[in-house]
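Student: Could we go through the rings and the open space in this model together?
Tutor: Gladly, ask away!

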Amino acid sequence: MAPIHKPLDRSTSFEAMLSVTPAVGPVVLLNVISLPPGADKASFLKTWSRSAEVLKKAPGYISTQLHSAIGDGNFIVNYAVWENNEDLKNGLALPEFRKVCEDFPEGTEFRASVLQKASIPGVCVGL
């Protein structure tokens, strides 16, 4: 069964962020993941690893880092860096990636957004 996808940003859909033209980059895929009660976290992590192996080979992929709630929590965040939103969109559309995603535990919820660095004088450097 395919995972559940819900918007993270209520003002702009994930699909619209992926489709911005001309392409912008670098970008970060921020994916907030909630496993349903009783889900096998080890099974999720195995499937996530398989999906990451597919995306690592895609043009424009730079890196990814998974973060998991301390303890037994079922709250997970994936932070993935891509050269631009178009490469990310193409990676997520790969048939082999979509096939692996069918193996996530039923009821797994993904809330994703595509982000760029923000510049705040004296605090953080943007593009």
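Student: Which residues form one aromatic cluster with Phe-44?
Tutor: This is a predicted model, where local features need pLDDT of at least 70, side-chain atom pairs count only at pLDDT 80 or more, and totals for chains, interfaces and linings use all residues. Residues are numbered from 1 along each chain as its sequence is written, and side-chain values use heavy atoms, leaving out hydrogens and water. Rings of Phe, Tyr and Trp (its six-membered ring) pair if their centres lie within 6.5 Å; planes under 30 degrees apart are stacked, over 60 edge-to-face, and the rest tilted. The cluster partners of Phe-44 are Phe-104 and Phe-110.

Student: Why is the pair of Tyr-61 and Trp-82 called what it is?
Tutor: A search of the whole structure finds three aromatic pairs. The ring centres of Tyr-61 and Trp-82 are 5.6 Å apart and their planes stand at 85 degrees, so this pair is edge-to-face.

Student: Is Trp-82 buried or exposed?
Tutor: Buried means under 20% relative accessible area, exposed over 50%, and partly exposed in between (1.4 Å probe, protein chains only). Trp-82 has 1% relative accessibility, so Trp-82 counts as buried.

Student: What is the angle between the planes of Phe-104 and Phe-110?
Tutor: Both Phe-104 and Phe-110 are buried. Their rings form an edge-to-face pair, 5.2 Å centre to centre, and the angle between the planes is 65 degrees.
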